[in-house]
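Reader: I would like to know what stands behind the labels used for pockets and cores in this model. Please set each one against its definition.

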Amino acid sequence: MSVATARQEVAASPLLSAGHLFLTYPGASAAAVEDISLDLAPGELCGLIGPNGAGKTTLLSILTTLRRPDRGTLAIGGRDALADPALVRRRIGYVPQDLALYDRLSIHENLLFFASMYGLKGRLLGERALFWLDLFGLADKRHRQVRACSGGMKRRLNLVIGLLHDPELLFLDEPTVGIDTQSRHLILDKLLDLNRQGMAMIYTSHYLEEVQSLCRRVVIIDRGRIVAEDSPQHLLSRAEGCSSLVELFLQTTGSAPRE
């Protein structure tokens, strides 16, 4: 095998590969995740959407190694993520919907705390922290207590913490929920820049216009299963009477609110 062929095969290998994942919570009458298989290429930005209770958060918890499935396979970077989750966690970042911050600590102190979990310290930590804080407009506010920060600042800090160790694959769970227009614009703009530079992402949001504009592929799940998957353009071209992802989503999952 030539070096060029070997490189092509490596490039073609998925960064994330999940096969036939199942998970049912104790006492539940139906599976939260039922036979989901999903591959993600290096550098891909994939949107994961679904109504409330569809299984998105459960699936993310499995893909980020925070929850073990009842059965199925999961590989990240060619490594078995179920057999050795600690090894693959160095390659991924997770930005949860709920803010994972300490209100009485400053922005910088929050970074120091979470950096210790990544094993970052010294000069490398200082350089990384300053880079990410500057990128998201927080460098001059780094000594402010988190409880004195605006909602948009907290969201940006939540994101910086997930990026601090420079992951290959970033999982984003509602990263722009409930924030001002300027912070939302900044977050989306910087995420696109990072993706263009090669960072792969799985992006979940109820703001479907974000998903349609950001993502090259969209996966719609409902009741624990994948019900549609393709690029936004191809999905819309096959859906009669749909001109937007919002219309397609309602047609696919129904218009009745989910509690």
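The turns below take the pockets and then the cores of this predicted model.

Reader: What makes a residue part of the lining of the largest pocket?

Author: A lining residue has an atom within 4 Å of a pocket point. In the largest pocket, 18 residues line it, and Arg 89, Ile 92, Met 117, Tyr 118 and His 165 lie nearest its centre. The volume of this pocket is about 560 Å³. Strand β6 gives the most to the lining, with 4 residues.

Reader: How are the residues of that lining divided by class?

Author: The lining has 11 nonpolar, 5 polar and 2 charged residues. Tyr counts as nonpolar and Arg as charged, so Tyr 118 falls among the nonpolar residues and Arg 89 among the charged ones.

Reader: Which residues lie nearest the centre of the second largest pocket?

Author: They are Pro 51, Phe 249, Leu 250, Thr 253 and Gly 254, out of 13 lining residues. Helix α10 gives the most to this lining, with 3 residues. The pocket has a volume of about 190 Å³.

Reader: Why is Leu 159 called a member of the largest nonpolar core?

Author: A core joins buried residues of listed nonpolar types through side-chain atoms within 4.5 Å, and buried means under 20% relative accessible area. Leu 159 is one of the 49 members, and with Leu 170 and Tyr 203 touches the most other members. The largest share of this core, 6 residues, comes from α6.

Reader: Which residues does Leu 159 touch, beyond those up to four places away in sequence?

Author: Leu 159 touches Val 95, Phe 136, Leu 170, Leu 172, Ile 187 and Leu 191.

Definitions and conventions:
Residues are numbered from 1 along each chain as its sequence is written. This is a predicted model: local features need pLDDT of at least 70, side-chain atom pairs count only at pLDDT 80 or more; totals for chains, interfaces and linings use all residues. Side-chain values use heavy atoms; hydrogens and water are left out. On a 1 Å grid over the protein atoms alone, a cavity is a set of points where a 1.4 Å probe fits but cannot get out, and a pocket is an open set with protein on both sides within 12 Å along at least five of seven lines; lining residues have an atom within 4 Å of a point. Grid points are joined across faces, edges and corners, and a volume is the space filled by probe spheres set on the points. Helices (H or I, at least four residues) and strands (E, at least two) are DSSP runs, numbered from the N terminus. Buried means under 20% relative accessible area, exposed over 50%, partly exposed in between (1.4 Å probe, protein chains only). Contact means heavy atoms within 4.5 Å.
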